[in-house]
Amino acid sequence: MEEPKKRSLSWVVAVVAIIIVALLLLFLAPTFSLGNIFSPKESTSTFVQNPSGNQANLTSSVDVTYPSDYAALANYSLSMINENRTSQGLTPVTLSQIPSGQQHADSMLQNNYFSHWDTQGFKPYTRYSLLNGTGFVEENIAYEYAGFPSFTSTQSVEKVIANLEWQMMNNDSACCGNGHRDNILNEFHNRVSIGIAYSSTYVYFVEDFETYYATLSTPISQGNSITLEGNTSQALNPTSVDVYYDQTPASLTPSILDSAYNTPYDPGTFVGGVIPSCNNIFQSCQKFSQGITVSASTWQVGSSAIDIQFSLSGFVHVEGAGVYTIYLVEGSTSSPEYLTSISVFVTN
């Protein structure tokens, strides 16, 4: 005789088992995410001196720490970046001495969030400036998560980095409009600050690409007076300085960073710019179509040196206290290339 109840029960048990296995695999499967571009923190308790000459209050408890295998992982990451660059006929980048990448990777791991902003409300160029970076910086961020302890060796983390780098190079269009790929393959980038922070279940990967051709003397600002003076590694031909404004950064919680700030970042609000001195009474001088236009008091650019001086007073009069980021621009308005992204804190 047939035993329908027994067969029916076996069928139900089998279906339930399949569902449980499927849910378990879904939970345990690694996930990754990428952060787009525009294009933490030192171990401190009260104040950090930045290259602008201003002081910014840093109250975060996040310290810069390096995994024991950082050197191996950073060199592995650098080799992958340069393999991608040389395959497109570009020159390799070198490792930067500015620890902005590691600072941000540590912050995301320690505070459990994913964003270009950090818990102090700083954007990448602000963090970079506070760590004495004086070039131009653009940031890529990515992470991978596994539902069980998976990242327990250097080789396991290298596999994650290889996957994230491949995603940024080859699967970036839908996510981020190829912003990551553009950063990796920017011909003007010549350095990269690499950040790698991981636990057994998370790997955070940061690439802070730099355009660094001028070694500028500091402090860059004294009051509202700005001086971009130093030696250059190649002949530069800057045409203007663009000035952007951000409100004074405020603290952000990890949950807010994951929701409202899990987006591409921008350079701030354009407030105007600086042009070479214009004393020709017979010709009309260049003027920005938006914002205010300031003439530099000094604009001297040679084959191996630069000296540009101007005042921020006009911009501060319009916007007030906040962060003013100085972009030294080379090239045309339709195809600009940025040589600096130096943030200056103005408190009053």
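**Figure 1. Helix H5, checked end to end.** In this predicted model, helix H5 covers residues 154–170. Let us try a small ruler test on H5: at 1.5 Å a residue, its 17 residues should span 24 Å, and the C-alpha atoms at the two ends are 24 Å apart, so the expected span and the model agree. Which residues of H5 are buried? They are Thr154, Ser156, Val157, Glu158, Val160, Ile161, Leu164, Glu165, Gln167, Met168 and Met169. As you follow them along the helix, keep a rule of thumb in mind: an α-helix has 3.6 residues a turn, so residues three or four places apart point the same way.

**Figure 2. Helix H3, a mostly covered helix.** The same ruler works on H3, whose twelve residues should span 16 Å at 1.5 Å a residue; the end C-alpha atoms of H3 are 16 Å apart, which agrees. How many of the twelve residues of H3 are buried? Nine are, and that makes H3 mostly covered. You can pick them out by name: Ser100, Gly101, Gln102, Gln103, His104, Ala105, Asp106, Ser107 and Met108.

**Figure 3. The disulfide between Cys175 and Cys176.** Here is the one disulfide that the structure holds. Its partners are Cys175 and Cys176, with 2.0 Å from S to S. Are these two cysteines buried or exposed? Cys175 is partly exposed, because its relative accessible area is 42%, whereas Cys176 is buried, with a relative accessible area of 7%.

**Figure 4. Strand E10 and its antiparallel partners.** Strand E10 takes in residues 225–232, and three bridges join E10 to strand E8 (residues 214–216) in an antiparallel arrangement. To find your way between E8 and E10, look for Thr215, which stands opposite Asn231 of E10. Strand E9 (residues 221–222) also pairs with E10 in the antiparallel sense, over two bridges. Within that pairing, Gln222 has Ser225 of E10 as its bridge partner. What do E9 and E10 form together? They form a hairpin, with two residues between the strands, and Gly223 in the turn has a positive phi of about 65°. Finally, seven bridges link E10 to strand E15 (residues 305–311), and these two strands run antiparallel as well. Ser225 appears again here, standing opposite Ser311 in E15. A handy point while tracing strands: in a regular strand the side chains alternate between the two faces of the sheet.

**Figure 5. Aromatic rings that meet.** The count of aromatic pairs in this model comes to 17. The rings of Trp117 and Tyr261 form one such pair: their centres are 5.2 Å apart and their planes lie at 70°, so the pair is edge-to-face. An angle over 60 degrees earns that name. Where do these two residues sit? Trp117 lies in the loop between helix H3 (100–111) and helix H4 (124–130), and Tyr261 lies in the loop between helix H8 (254–259) and strand E12 (269–275), so the pair ties together parts that are 144 residues apart in sequence. Trp117 counts as buried because its relative accessibility is 11%, while Tyr261, at 27%, counts as partly exposed. A second edge-to-face pair is made by Tyr327 and Tyr338, at 5.6 Å centre to centre with 70° between the planes. Tyr327 belongs to strand E16 (residues 322–331) and Tyr338 to strand E17 (residues 336–338), so this pair ties together parts that are eleven residues apart in sequence. Both Tyr327 and Tyr338 are buried. They also belong to a cluster linked by ring pairs, whose members are Tyr125, Phe136, Tyr244, Tyr265, Phe270, Phe288, Tyr327 and Tyr338.

**Figure 6. A charge over a ring.** Arg191 and Tyr212 make a neat close-up. The charged end of Arg191 sits over the ring of Tyr212, 3.8 Å from the ring centre.

**Figure 7. Ser193 in strand E6.** Ser193 is part of strand E6, which covers residues 191–198. Is Ser193 buried or exposed? Its relative accessibility is 3%, so Ser193 counts as buried. Now look across to Thr94: the C-alpha atoms of Ser193 and Thr94 are separated by 8.7 Å, although the two residues are 99 residues apart along the chain.

**Figure 8. Stepping back to the chain.** The protein chain has nine helices and 18 strands. Of its 348 residues, 50% are buried. Its accessible surface comes to about 16400 Å², with 53% belonging to carbon and sulfur atoms.

How values were computed
Residues numbered from 1 in each chain as written. Predicted model: local features only at pLDDT ≥ 70, side-chain atom pairs only at ≥ 80, totals over all residues. Heavy atoms only, no water. Disulfide = S-S within 2.5 Å. Buried < 20%, exposed > 50% of the residue type's maximum accessible area, 1.4 Å probe, protein only. Pairing = 2+ DSSP bridges. Helix = DSSP H or I, 4+ residues; strand = E, 2+ residues; numbered from the N terminus. Phe/Tyr/Trp six-rings, centres within 6.5 Å; stacked < 30°, edge-to-face > 60°. Lys NZ or Arg CZ within 6 Å of the ring centre and 35° of its normal. Expected span 1.5 Å × (residues − 1). Areas by Shrake-Rupley, 256 points an atom, 1.4 Å probe, with all protein chains shown as cover.
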